[in-house]
Amino acid sequence: MLDKLNVNHEIEYKTIINQTLFNQLIASIDTVKIEQINSYFDTIDHELLALKIIIRIRECNSNFLWTMKVTDNTGVIEYEEPVIGDTLEAFDNTNIKTILKYYQIDISKLILIGHLKTIRYLHKTKDYELCFDNNYYLSKHDYELEYEVKSDYLDHFANFISILNRFNIKYQPSIPKALRLFHYQKATNN
């Protein structure tokens with residue numbers, strides 16, 4: 001049923017870095033600057049988060065992409081669908097409804113949880129993408145280095161560690177941006 005949809009098996013590695021390292025990296029590596037706004041959706045009591053599901057709509061260059069990430073024992077399955085706009089009305093799409101139905105997600109229970117703005121500096125190769133992300137959510141601001149696998153031809157984790165070592169960066173796995181937003185939102189609401 002879902003095999004005809006745009007599905008990826010996402011493999012990525014991430015680490016939080018500080019502003020000084022961030023500035024050094026974007027000054028020393030060829031990148032393209034991209035600004036994006038992520039709008040995250042869940043139920044009021046974070047039912048999707050409990051199921052290890054994240055739903056967002058990303059706006060980039062006036063284009064909108066609906067994404068649902070499902071973490072299971074094989075990694076992250078990522079469903080994507082171009083949409084119009086970044087509100088719940090964008091979910092009124094046959095493919096999105098099919099995906100939500102398959103995962104038994106009640107669209108009527110979904111609400112906008114929050115927004116996260118990322119200024120991304122992207123370096124692409126045929127085998128991987130390096131993303132240097134400057135993230136803003138609520139009153140929080142952080143920096144992250146993300147390595148996204150694009151081929152099967154490398155030992156990608158070793159390559160990522162090699163890149164970190166080249167810049168004397170200690171690998172400290174970071175949680176996804178959406179989770180950082182949710183956790184910070186919860187901490188500031190208590």
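Which residues are exposed on the other side of helix H3? In the predicted model described here, Thr94 and Lys101 are exposed on that side of H3. The buried residues of this helix, which spans residues 94-102, are Ile96, Ile99 and Leu100. These three cover an arc of only 95 degrees around the axis, and they therefore lie on the same side of H3. The arrangement can be set beside a general property of the α-helix: with 3.6 residues a turn, residues three or four places apart point the same way. The cover over the buried residues of H3 includes strand S4 (53-60), strand S5 (63-72) and strand S6 (75-83).

Both ends of the helix have local features that can be described. The N-terminal end of H3 is capped by Asn93, a side-chain oxygen of which lies 2.8 Å from the backbone nitrogen of Asn95. Just after H3, a positive phi of about 55 degrees is found at Gln104.

The strands that contribute to the cover of H3 are also paired with one another. S4 and S5 run antiparallel and are joined by eight bridges; within this pairing, Ile55 stands opposite Met68 in S5. The two strands form a hairpin with two residues between them, and Asn61 in the turn has a positive phi of about 55 degrees. S5 in turn pairs with S6, in the antiparallel sense, over nine bridges. Here Met68 stands opposite Tyr79 in S6, so that Met68 faces Ile55 in one pairing and Tyr79 in the other. S5 and S6 likewise form a hairpin, with two residues between them.

Strand S4 is further joined to strand S3 by six bridges, and these two strands run antiparallel. In this pairing, the bridge partner of Tyr40 is Arg56 in S4. S3 also pairs with strand S7 (residues 111-124), in the antiparallel sense and over 11 bridges. Asp42 has Ile111 as its bridge partner in S7.

Asn38 is placed in S3, which comprises residues 32-42. Is this residue buried or exposed? Asn38 counts as buried because its relative accessibility is 0%. A polar contact of 2.8 Å joins its side chain to that of Arg58. With neighbours within four places in sequence left aside, Asn38 is in contact with Arg56, Ile57, Arg58, Gly114, His115, Leu116 and Thr118.

Aromatic contacts were examined next. A search of the whole structure finds 15 aromatic pairs. One of these is formed by Tyr128 and Tyr147, whose ring centres are 4.7 Å apart; the planes stand at 15 degrees, and the pair is therefore stacked. The pair links distant parts of the chain, with Tyr128 in strand S8 (residues 128-137) and Tyr147 in strand S9 (residues 140-149), 19 residues apart. Both tyrosines, Tyr128 and Tyr147, are buried.

An edge-to-face geometry is found for the aromatic pair of Phe160 and Tyr171, with 5.5 Å centre to centre and 90 degrees between the planes. Phe160 belongs to helix H4 (residues 156-166), whereas Tyr171 lies in the loop between H4 and helix H5 (177-189); the pair therefore ties together parts that are 11 residues apart in sequence. Phe160 counts as buried, at 0% relative accessibility, whereas Tyr171 is partly exposed, with a relative accessible area of 26%. Ring pairs link Tyr128 and Tyr147, together with Phe160 and Tyr171, into a cluster that also holds Tyr13 and Phe157.

The cysteines were considered last. How many disulfides does the structure hold? The number is zero. Cys60 is in no disulfide, and the nearest cysteine sulfur, that of Cys131, is 11 Å away. Cys131 is likewise in no disulfide, the nearest cysteine sulfur being that of Cys60, 11 Å away. With a relative accessibility of 1%, Cys131 counts as buried.

Notes. Residues are numbered from 1 along each chain as its sequence is written. This is a predicted model: local features need pLDDT of at least 70, side-chain atom pairs count only at pLDDT 80 or more; totals for chains, interfaces and linings use all residues. Side-chain values use heavy atoms; hydrogens and water are left out. Buried means under 20% relative accessible area, exposed over 50%, partly exposed in between (1.4 Å probe, protein chains only). Helices (H or I, at least four residues) and strands (E, at least two) are DSSP runs, numbered from the N terminus. The arc is that of the directions from the helix axis to the C-beta atoms. Contact means heavy atoms within 4.5 Å. A polar contact is a pair of N or O atoms within 3.5 Å; within protein, one must be able to donate a hydrogen and the other to accept it, and residues adjacent in sequence count only if both atoms are side-chain atoms. Rings of Phe, Tyr and Trp (its six-membered ring) pair if their centres lie within 6.5 Å; planes under 30 degrees apart count as stacked, over 60 as edge-to-face and the rest as tilted. Two strands pair if DSSP finds at least two bridges between them. A disulfide is a pair of cysteine sulfur atoms within 2.5 Å.
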